[in-house]
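This report describes selected features of one protein structure for a reader who is new to the subject. Please examine the sequence and the model before reading on.

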Amino acid sequence: MNCTRKNLLGIALALSTFSAWANHCIETRAGIDMGSGTTKIQVAQVDICRHQLGKVLYEDQRALGFNDDLGKSGNNQLSAAMQQQGVTALKQMVDKARTFHPQRITGVATAVFRSAANGQQVIDQFNQQAQIQLRIITQEQEAELGFISAKAALHDNHIKNEDLLVWDIGGGSMQMIAFRQQKGKTVTDIYQGRLASVTLKEFIISVLKNQELDKAASPNPIGSLRNTVLRYVNFYARTHVSPQIKEDARTRRVIGIGGVHGYSVKDQLRSANKTDGSNNTYTLEDVQRVSKNQVWKGDSELAGEYRATDVSNLLLVEGFMQALNIPQVTVVKASLIQGILVQ
């Protein structure tokens, strides 16, 4: 009987110790991804011992047109009005996030804040007013963070880094990243491009339609300019993307992250195909079929707060898939936030 009691006590002590260890590993964290056109926030439980994501407690995103604002600026500075809009939305999201008692609130700011003359000043103001820790990251850091986010969101420990190419499209920048082994060392291949969601939209408005950006908020309908846009994107991709990334894009599993893949393109394909959106892959043929119809639609025929870039996003993705011979993209619900949370 005494041996049985000792065994039971030993088991109870072991379980208690394991529970304490497990609880020590779980931390509630908040992450912010402040992009050129969208600001996202997420609060989640994170296993800091295994660097894995757990339960998502809260998430939100706001359309904040920093890139549009900078494009209309005459002095390469984000306007006071845009700064106020940004800090108001940020404080609202952060206040909600704090109700879940995160142990830290950290985040990154990307392309538009790298470009704006007052980018660092604006981020310093946001940090002070919202009592958070945002930092401006380089495009290379953005690509690496995107890869970490994609890998974490796949939830598959059997996938090797060398199996993947991660493709992230933002408002003001585009990144592709892949890892490979060379002479026993890990080599990182990164494409860092400036042709992205907002920049392509602005090219169509200002160059192809010869309209002023501050007077034309949208390029829609694109109509017969579709082939011209595709030729431009195709040429840009072929001349700017390195041979190694082209090889990786053709031979690896391409993972699409961010709002352009995960919302803009996927939602338009779902709507056109009248599906529930559960299919997380799309082919070049899928994008071609839908873009041919979407280019004839004006803003009144399109839905959502991102309709000004939705159709040009299709052409952006279509042109790159053509140029790089990408047969299929697997969409993963990830931005930079997952990487922010697990780091």
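## A buried tyrosine and its partner

Tyr-191 is buried, for its relative accessible area is 3%. The model in which this residue is seen is a predicted one. Phe-320 likewise counts as buried, with a relative accessibility of 0%. Burial here requires a value under 20%.

The rings of Tyr-191 and Phe-320 have centres 6.2 Å apart, and their planes meet at 50°, so the pair is classed as tilted. Planes under 30 degrees apart would count as stacked, and planes over 60 as edge-to-face. This pair links distant parts of the chain: Tyr-191 belongs to strand β8 (residues 185-193), Phe-320 belongs to helix α12 (residues 307-324), and the two are 129 residues apart.

## Other aromatic contacts

How many aromatic pairs does a search of the whole structure find? The search finds eight. One of them joins Tyr-58 and Phe-100, whose ring centres are 5.9 Å apart and whose planes lie at 15°, so this pair is stacked. Tyr-58 and Phe-100 also come from distant parts of the chain, 42 residues apart: Tyr-58 is in strand β3, and Phe-100 is in the loop between α3 and β4.

Are these two residues buried or partly exposed? Tyr-58 has a relative accessible area of 11% and is buried, whereas Phe-100, at 27%, is partly exposed. In addition, Phe-66, Phe-113 and Phe-126 together form one aromatic cluster.

## The five-stranded sheet

Strand β3, which holds Tyr-58, is part of an open sheet of five strands. Their order is β3-β2-β1-β4-β5, and the pairing is mixed. Why is one side of β3 and of β5 left without a neighbour in the sheet? Strands β3 (52-63) and β5 (133-136) stand at the edges, and each has a single partner strand, so one side of each remains without a neighbour. On average, neighbouring strands of this sheet are turned by 20° against each other, with direction ignored.

In general, the strands of a sheet pair through backbone hydrogen bonds, in either a parallel or an antiparallel manner. Strand β1 (residues 26-34) and strand β2 (residues 38-47) pair in the antiparallel sense, over nine bridges. Within this region, Arg-29 has Ala-44 in β2 as its bridge partner.

## A helix across the sheet

Helix α3 (residues 80-98) lies across β1, β2, β3, β4 (104-109) and β5. The helix runs at about 150° to β3. The loop between α3 and β4 contains Phe-100, the stacking partner of Tyr-58 in β3.

Terms used
Residues numbered from 1 in each chain as written. Predicted model: local features only at pLDDT ≥ 70, side-chain atom pairs only at ≥ 80, totals over all residues. Heavy atoms only, no water. Pairing = 2+ DSSP bridges. Helix = DSSP H or I, 4+ residues; strand = E, 2+ residues; numbered from the N terminus. Axes fitted to C-alpha atoms, helices over the stretch in contact; angles between N-to-C directions. Contact = heavy atoms within 4.5 Å. Phe/Tyr/Trp six-rings, centres within 6.5 Å; stacked < 30°, edge-to-face > 60°. Buried < 20%, exposed > 50% of the residue type's maximum accessible area, 1.4 Å probe, protein only.
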